[in-house]
Amino acid sequence: LADDAELGGRIRRAKEQLGEDLVVLGHFYQRDEVVEHADFVGDSFQLANAALSREDAKYIVFCGVHFMAETADILSRDDQAVVLPNLAAGCSMADMADSSSVEECWEQLMELYADEDDDGRAAVVPVTYMNSSAALKGFVGRNGGIVCTSSNAATVLEWAFERGRRVLFFPDQHLGRNTAKAMGVPLEAMPMWNPRAALGGNDEQTLRDARVILWHGFCSVHKRFTVEQIEGARAQFPEVQVIVHPECPMPVVDAADAAGSTDFIRKAVAAATEPSVFAIGTEVNMVNRLADEYPQHTIFCLDPVVCPCSTMYRIHPGYLAWVLEELVAGRVVNRITVDEGTTAHAKVALQRMLDAKP
Ligand code: 13P
Ligand code: SF4
């Protein structure tokens, strides 16, 4: 097996040979041995913009998970090839909302709300988290909806509330609940939709009174964070600042000092001028990198049992070296392509997000 130094050398050589034809994008959760080769490192919103910004590149190699590569393909030109170094790098949360279950939910809601008076707004506006399949982004685009990321969820929900009496939010129940709660939506107006039960397991009146209908998805990494861990951190370091990702359950977000996207977390740490203590509730690769970058601070992951995102971790430098060397040889492997029809609708939903002003 090649070691990291040898793989690093192969990646650098291949990048040099590909020159301006190539851009490598890396999500904050990628391991260090991959991040060091990325031309852009960012959260999922920043990487969507980065994919748009390199119009000259023939190849976009996406070191992240499948839905991010699909998004890059939707936003890029047809003749740009998006490559995911390991096709097994998916997202378990994105997989929790399959398009047939969402379409079935949509039909039931449309039927239920069909008798409501027309007040010029839609009965429901669908909002999908970036962490979802291209098919769902297409569904949202076809039905007057919009995409959000964890860095713009409140802006996007405002956009949706202006246009609809309710929002159907998928796949992440926690991001939906945490964001809507911070905007003043009461918890009783946020029923959850269970696709295995009629009307998602709700009675008609609950769905009529709803402001946000939450899909039942969650992130298996972020659901590991607990209020007990926060209490433990505060007991050990009374001055600690606890910052968590909004994919964490609501009690954890409520107990933290702040919640925000991966980029928000990075900026909060970067802004500290005095040596400080930060307990972070997000993926451990990113937390460890922050700890290395800012040795003047004490920075640790809230979960003492290390919690990497196992699918992000599937982008091993060996796969990156392989796809780049194949490109040098003129072969595009592991290309991610979204069909034309889906792309057209998904682009509308993504463009609404990019245009939504904070
Ligand atoms: P960001 O949108 O903050 O990059 O997060 C993406 C993600 O998958 C978090 O689990
Ligand atoms: Fe998906 Fe969670 Fe991994 Fe993010 S951390 S990519 S939501 S499984």
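UniProt positions are given here in the numbering of this structure, and such annotations may be inferred rather than shown by experiment. With that caution in place, the unreviewed UniProt entry puts the feature "binding site" at Cys91, Cys219 and Cys309. Although these positions are spread over 219 residues of sequence, they cluster in space, with a largest C-alpha distance of 9.3 Å. The model in which they are seen is a predicted one, and every value below is computed from it.

The three cysteines named by the record lead directly to one of the ligands. Around ligand 2 there are 13 residues, and the closest of them are Cys91, Met93, Cys219, Val221 and Cys309, so that list includes each of the positions that carry the UniProt feature. By class, the shell around ligand 2 is made up of seven nonpolar, four polar and two charged residues.

Two of these cysteines can be followed further into their surroundings. Cys91 sits in the loop between β4 (81-83) and α5 (99-113), and it counts as buried because 23 C-beta neighbours lie inside 10 Å. If residues up to four places away in sequence are set aside, Cys91 touches Val65, His66, Phe67, Asn131 and Thr311. Cys309, for its part, is placed in the loop between β13 (298-301) and α14 (317-328), and it is buried because 24 other C-beta atoms are found within 10 Å. Beyond its neighbours within four places in sequence, Cys309 is in contact with Tyr29, Val221 and Glu283.

The second site to consider is that of ligand 1, which is surrounded by Asp43, Ser44, Asn131, Thr149, Ser150, Cys219, Glu247, Ser261 and Thr262. This shell divides into one nonpolar, six polar and two charged residues. Cys219 belongs to the surroundings of ligand 1 and is also listed among the closest residues to ligand 2, while Asn131, another member of the ligand 1 shell, is one of the contacts of Cys91.

The domain assignment helps to place these sites in the chain as a whole. It gives domain 1 (4-91 + 311-338), domain 2 (94-217) and domain 3 (222-301). The shell around ligand 1 draws at least three residues from each of domain 2 and domain 3. The C-alpha centres of domain 1 and domain 3 lie 28 Å apart, and eight residues of domain 1 are in contact with seven residues of domain 3. On the side of domain 1 that touches domain 3, the residues divide into two nonpolar, three polar and three charged.

Ser44, from the shell around ligand 1, also leads into helix α3 (residues 44-53), in which Ser44, Phe45, Leu47, Ala48, Ala50 and Ala51 are buried. An α-helix has 3.6 residues a turn, so residues three or four places apart point the same way. The elements that cover the buried residues of α3 include β1 (22-27), β2 (40-42), β3 (59-63) and α4 (66-75).

The packing can also be read from the largest nonpolar core, which has 113 residues and in which Leu25, Phe62 and Ile146 touch the most other members. Phe62 in particular touches Leu25, Met68, Ala69, Ala72, Val82, Val83 and Leu84, residues up to four places away in sequence not being counted.

A few places in the backbone deserve attention. Most residues other than glycine have a negative phi, and most peptide bonds are trans. Against that background, a cis peptide bond joins Phe170 and Pro171, with an omega of about -10°, and Pro171 is found in the loop between β7 (167-170) and α8 (173-182). Leu199, in the loop between β8 (192-193) and α9 (204-209), has a positive phi near 50°, and with 17 other C-beta atoms within 10 Å it is partly exposed. A positive phi, near 55°, is likewise found at Asn334, which has its place in the loop between α14 and α15 (340-355) and counts as partly exposed with 19 C-beta neighbours inside 10 Å.

Finally, Gly8 lies in helix α1 (residues 4-18) and counts as partly exposed, with 17 C-beta neighbours inside 10 Å. Its contacts, leaving aside neighbours within four places in sequence, are with Glu33 and Pro317. Gly8 and Glu36 are 28 residues apart in sequence, and their C-alpha atoms are 8.9 Å apart in space.

How values were computed. Residues numbered from 1 in each chain as written. Chains lettered and ligands numbered in written order. Predicted model: local features only at pLDDT ≥ 70, side-chain atom pairs only at ≥ 80, totals over all residues. Near = placed C-beta within 6 Å. Nonpolar A, V, L, I, M, F, W, Y, C, P; charged D, E, K, R; others polar. Domains from an automatic or database assignment. Contact = placed C-beta atoms within 7 Å. Buried ≥ 20, exposed ≤ 12 C-beta atoms within 10 Å, placed from the backbone. Helix = DSSP H or I, 4+ residues; strand = E, 2+ residues; numbered from the N terminus. Core = buried A, V, L, I, M, F, W, Y, C linked by C-beta atoms within 7 Å.
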